[in-house]
Every structure is written in C-alpha cells, then in structure tokens.
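Biologist: Please take a close look at a single part of this chain, the open sheet. Then show me how the rest fits around that part.

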Amino acid sequence: MASNPVKFRPRHKPLVGDISRRRLLVAGAAGAGGLLLAGGGLTGKLPAAHAAADMKDGQIPGWYRFKLGKFEITILSDGSYELPTTLMATNQPREEVKAFLTSNFLPTETRTSHVNIPLINTGSELILVDVGGGPNWMATAGRLTDNLRASGYEPEDVDKVVLTHGHPDHIWGLIDEFEEAPRFPNATYYISSDEWDFWTTDQAEQRLAEQFKGFAIGAKRQLPPIADKTTRLRPGAEIAPGIITVGTPGHTPGHMSLVVNSGTETMIVSADCVTHPFVSFEHPGWRPATDLEQDKAEASRRKLLDMAATEKALMLVYHISYPGLGHVARAGDVYRWVPAMWRW
Ligand SMILES: [Zn+2]
C-alpha cells in the first residue's frame with residue numbers, strides 16, 4: 001500500500017475559481033448574502049425556517065485543561081480588554097506599527113488583549129498565578145471566578161496565589177466586590193519584594209505616567225488586605241517543588257515570570273514580559289508604553305524568548321489569543337510565535 005502513491009483528481013473546479021466577483025455581487029444584492037448560494041447554490045436551498053431562529057448571546061466557559069508531566073494545568077480566562085495601539089511601540093513611527101498590524105490582519109487603532117491565567121494543580125496544591133481584574137475594573141474582564149467554578153473548583157480551594165506584577169489586570173481581583181475580604185480566603189500569597197514595595201509605597205504614584213496613575217490607587221486598595229498572608233520573595237525562589245520564579249524586571253520594577261517543571265516537561269509562564277503574538281516576537285525591540293523601565297523590559301524579553309527557544313519549552317502568554325499556549329521559534333535574530341494545538 002505504502003508504495004502506491006495516492007491519486008487524487010478533483011471532480012469539480014476549485015470553489016474560489018468558480019465564483020466570479022459578479023456572481024458574489026448578485027448574491028449579495030439579492031439578499032442571499034452567502035457564498036454557498038452564489039452561482040446557483042452549491043449545497044441546494046437552505047430551509048426557510050433558519051431565518052426565524054433567535055440570535056444567542058454569550059460564549060462557552062473559559063477554561064482549558066491539559067497535563068504537564070504530573071501536573072494538571074487549567075488556563076482560566078478572565079475575559080478581555082482593549083487598548084489603543086498607540087501604546088504598542090513608543091520608539092517606532094506610527095505608520096510602521098500600523099503597516100505591521102495590517103500585514104497580520106489586525107486592527108490598526110485598537111488592540112484586544114485576552115487575559116489567560118494559569119491554575120496549576122501539582123497533586124498536592126492548587127496554585128493560581130495572578131487573579132485577573134476583578135469586578136470593578138472593566139466590564140469585559142473579571143470573569144476569573146466564574147470560570148474557576150465552571151472548571152470545577154471554588155475560590156476556597158486555592159492554596160497559593162503567585163502575583164507576577166501589580167497591574168490591574170493581574171491583581172485587581174484580589175479582594176471581593178465589597179473591596180474588603182480576600183477573594184481566595186485560604187490562600188497564601190507570593191510576590192517579589194521589589195514589586196510589593198513599588199505598589200505599597202509612593203513609588204508607583206510618583207513614577208507612573210499620568211495615564212497610568214490610577215493603577216497606583218487600585219494597588220493600594222488591593223494589596224493591604226493580603227499583607228499578613230503574603231511572602232515577599234527574591235526571584236529564583238521556589239513556590240512549590242518544580243515551580244520557580246524568574247526575575248523579568250522592566251514591565252514593572254519587580255516583574256516575575258515562572259518556570260514550571262514536571263517530569264520531562266517545562267512550561268514558561270511569561271506574564272507580561274511578552275504581550276503580543278507578533279510584535280513581542282518579531283520586534284522584541286519595540287517598546288510598549290506599558291513597560292515602565294524600557295531598557296530592562298527589552299533585555300528581560302529577549303532573555304526569556306531566548307530561554308524558551310533554546311529549551312523548546314511550552315510558553316503561556318497572558319494577553320494573546322486564548323488559551324495563549326505555544327512555542328517560541330527562532331527567526332534569524334528575532335523570533336516567531338507558534339501556537340500549540342488545542343488538546344481535547
Ligand atoms: Zn497584563
């Protein structure tokens with residue numbers, strides 16, 4: 001069998017070549033509005049009853065689960081939010097940024113960020129890495145708790161919470177909707193001491209650009225209620241066997257990423273060291289306005305991308321298309337994002 005090449009002869013002309021622009025226009029003008037009905041109907045007439053069905057709003061629950069060695073990882077969605085693309089690369093001409101986005105079929109004015117949050121079950125502990133934007137940040141975000149429950153856990157089940165950095169989309173879900181009690185009441189918390197100091201003193205307020213000063217106010221609401229349950233650590237510290245923090249400063253002063261090892265498998269949790277599926281990889285030198293210390297942020301980004309490419313490790317990126325898992329390939333002296341296939 002293997003020695004016989006499979007012969008394939010199409011019985012019909014290719015679909016695209018068969019439909020003229022005129023026929024498409026005619027179909028649209030007639031109200032049919034669909035490629036399948038253009039040119040006389042490729043699949044026959046649609047039943048008329050289809051037109052009466054209600055539109056349904058909503059979406060499937062946002063959780064995705066897979067095994068990494070002996071660990072079970074669940075990527076929880078906190079939803080999404082939009083940012084102006086003017087924040088994307090402060091050191092590049094605007095027209096160049098727009099052309100690059102257009103070439104990747106992306107809008108040029110607004111960028112949609114997903115929020116993909118990892119929950120790691122080591123077999124003995126349940127560890128959440130960041131907590132999303134909470135109920136009072138943006139209407140399109142704050143869905144972490146709903147998706148945690150949909151995935152089979154309650155907030156009370158979480159043993160440890162690691163905070164990669166203090167931006168709203170990562171920590172404003174720490175306390176409940178009344179802004180009093182911790183949302184994950186049985187957890188102990190971990191954050192780098194540099195990051196804790198930056199947000200709980202006046203540093204953030206003094207150093208952030210005007211448009212980001214609200215971040216400082218929010219952090220001062222969110223962090224004090226967990227102070228006595230929080231370990232402030234130096235990067236390199238182990239959160240649990242196989243889960244190690246890595247210093248990737250620059251996006252914020254004490255920003256951390258994680259390396260998660262189980263068996264022979266490794267996943268790098270980039271947090272916001274990497275933020276965009278095309279810009280961060282193909283143009284790691286483009287500097288987002290959201291990176292506070294831009295020299296350091298670029299150095300951290302290049303270091304982490306190099307590590308991921310060298311180790312061929314799986315990477316989780318928070319703000320790209322859900323669930324945000326893939327690999328980093330070298331492309332000359334820059335990189336290319338290769339999304340991982342969804343595992344059913
Ligand atoms: Zn973020």
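**The open sheet and its surroundings**

Modeller: Seven strands form an open sheet with mixed pairing, in the order β1-β2-β3-β4-β5-β6-β7. Its edge strands are β1 (63–68) and β7 (230–233), each of which pairs on one side only. From one strand to the next, the twist averages 25°. Keep in mind that this is a predicted model. In general, the strands of a sheet pair through backbone hydrogen bonds, either parallel or antiparallel.

Start with β2 and β3. Strand β2 (residues 71–84) runs antiparallel to β3, and eleven bridges join the two. One place to look is T74, whose bridge partner in β3 is L119.

Now move on to the next pair. Strand β3 covers residues 110–121 and strand β4 covers residues 126–129. They also run antiparallel, joined by three bridges. L119 appears again here: its bridge partner in β4 is L128. So L119 has T74 as a bridge partner and L128 as another. Next to that, I120 stands opposite I127 in β4. In a regular strand, side chains alternate between the two faces of the sheet.The turn between these two strands deserves a look. The hairpin of β3 and β4 has four residues between the strands, and G123 takes a positive phi near 105° there. Past β4, the chain enters the loop between β4 and α4 (144–150), where D130 is found. D130 has a positive phi of about 80° although it is not a glycine. Most residues other than glycine have a negative phi. Is D130 buried or exposed? D130 has 27 other C-beta atoms within 10 Å, and is therefore buried.

Go now to the other end of the sheet. T188 lies in strand β6, which spans residues 188–192. T188 is partly exposed, because 14 other C-beta atoms lie within 10 Å. Leaving aside neighbours within four places in sequence, T188 is in contact with K160, K229 and T231. T231 falls within the edge strand β7 (230–233). The C-alpha atoms of T188 and T230 are separated by 6.1 Å, although these residues are 42 apart along the chain. A helix covers this end: α6 (residues 193–200) lies across β6 and β7. Helix α6 runs at about 90° to β6.

How does the sheet sit in the whole chain? The chain has ten helices and 14 strands. Of its 344 residues, 38% count as buried. Take the contacts in the chain with a separation of 6 or more: residues 24 or more positions apart account for 67% of them.

Beyond the sheet, helix α10 is worth following. Helix α10 (residues 294–311) has 18 residues. Its reach from first C-alpha to last is 26 Å, close to the 26 Å expected at 1.5 Å a residue. Its buried residues are A297, S300, R301, L304, L305 and A308. They lie on the same side of α10, because they cover an arc of only 125° around the axis. On the other side of α10, D295 and T310 are exposed. The buried residues pack against several elements. These are β10 (256–262), β11, α9 (279–282), β12, β13 and β14 (334–339). Just after α10, K312 takes a positive phi of about 55°.

Two of those packing partners lead to further backbone details. In strand β11 (residues 265–271) you find A271. A271 has a positive phi of about 50° although it is not a glycine. With 29 other C-beta atoms within 10 Å, A271 is therefore buried. The other detail concerns the loop between β12 (314–317) and β13 (325–331), which holds P323. A cis peptide bond joins Y322 and P323, with omega about 5°. Most peptide bonds are trans.

Notes
Residues numbered from 1 in each chain as written. Predicted model: local features only at pLDDT ≥ 70, side-chain atom pairs only at ≥ 80, totals over all residues. Buried ≥ 20, exposed ≤ 12 C-beta atoms within 10 Å, placed from the backbone. Contact = placed C-beta atoms within 7 Å. Pairing = 2+ DSSP bridges. Axes fitted to C-alpha atoms, helices over the stretch in contact; angles between N-to-C directions. Expected span 1.5 Å × (residues − 1). Arc of directions from axis to C-beta.
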